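Here is a short report on one protein chain. Keep the sequence and the model in view as you read.

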Amino acid sequence: MKERNGLLRLLAVLIAAMLVFAACGGGEEEPADDEPAATEDGGEEPAGDYTLITEGTLTVGSDIPYPPFEFEEGGELTGFDVELVRAVAEHMGLENPDDAWISTDFDTIFQQLAGNNKFDIVVAAVTGYAPEGSPASETVADRNEVIDFTTPYYP
């Protein structure tokens, strides 16, 4: 159980880093001493400049459904990525309700993220790495030109 909690914490940090690197714009000041800012619930918000599509809400682009990562069950959104993102959002003092998940075509999801007008982050079973010469290397290289990726959080 401790190993799982440690993994979830690591994943939360990686997603938070993705949010910081993928978000465009600014306007909010970092604390002068580069320490994390306190959130209303007493947690810590990762330091960094970022803006959100909707203030106080982490809006996510994904290609839903894609079980076990994101899918509906009993009329509610769930899955590995959904639970992970909600933990990160909570850690940052943000909301992430079902209506903050936008199902979009995977073929254009990265261009939509780069346009920064529909969602704050993309969460999907996708990689930012492929070995040179592999069938996916050109596609991955194109993606890396458009957006920043986190370290993979799922093997």
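Start with a pair of strands. β3 (residues 60-62) runs parallel to β7, and the two pair over 2 bridges. Strands count as paired if DSSP finds at least two bridges between them. In this pairing, Gly 61 sits opposite Val 122 of β7.

The model is predicted: local features need pLDDT of at least 70, side-chain atom pairs count only at pLDDT 80 or more, and totals for chains, interfaces and linings use all residues. Residues are numbered from 1 along each chain as its sequence is written, and side-chain values use heavy atoms, with hydrogens and water left out.

**The sheet and the chain**

β3 and β7 belong to an open sheet of 3 strands, in the order β6-β3-β7, with parallel pairing. β6 and β7 (121-122) are the edge strands; each has a single partner, so one side of each lacks a neighbour in the sheet.

Now take the whole chain. It has 4 helices and 7 strands. Helices (H or I, at least four residues) and strands (E, at least two) are DSSP runs, numbered from the N terminus. Along the sequence the pattern reads α-β-β-β-β-β-α-β-α-β-α. Of the 155 residues, 35% are buried. Buried means under 20% relative accessible area, exposed means over 50%, and partly exposed lies in between (1.4 Å probe, protein chains only). Contact means heavy atoms within 4.5 Å. Among contacts in the chain with a separation of 6 or more, 60% join residues 24 or more positions apart.

**Helix α2**

α2 has 12 residues and spans 17 Å from its first C-alpha to its last, close to the 16 Å expected at 1.5 Å a residue. That expected span is 1.5 Å times one less than the number of residues. Which residues of α2 are buried? They are Asp 81, Val 82, Leu 84, Val 85, Val 88 and Ala 89. These residues lie on the same side of α2, because they cover an arc of only 165 degrees around the axis. The arc is taken from the directions from the helix axis to the C-beta atoms. An α-helix has 3.6 residues a turn, so residues three or four places apart point the same way. After α2 comes Gly 93, with a positive phi near 75 degrees.

**Four residues to find**

| Residue | Place | Relative accessibility |
|---|---|---|
| Asn 96 | loop between α2 (80-91) and β6 (101-103) | 7%, buried |
| Thr 57 | loop between β2 (44-45) and β3 | 15%, buried |
| Thr 127 | loop between β7 and α4 | 35%, partly exposed |
| Ala 141 | helix α4 (residues 137-146) | 40%, partly exposed |

Look at Asn 96. Its side chain reaches the backbone oxygen of Leu 58 at 2.7 Å. A polar contact is a pair of N or O atoms within 3.5 Å; within protein, one must be able to donate a hydrogen and the other to accept it, and residues adjacent in sequence count only if both atoms are side-chain atoms. Beyond its neighbours within four places in sequence, Asn 96 also touches residues of α2, including Val 85 and Ala 89.

Next, Thr 57. Leaving aside neighbours within four places, its contacts include Leu 94, Glu 95 and Asp 120.

Thr 127 is in contact with Val 140, Arg 143 and Phe 149, again leaving aside neighbours within four places in sequence. Its C-alpha atom is 9.8 Å from that of Tyr 153, 26 residues away along the chain.

Finish with Ala 141. Its C-alpha and that of Tyr 129 are separated by 8.0 Å, and the two residues are 12 apart along the chain.
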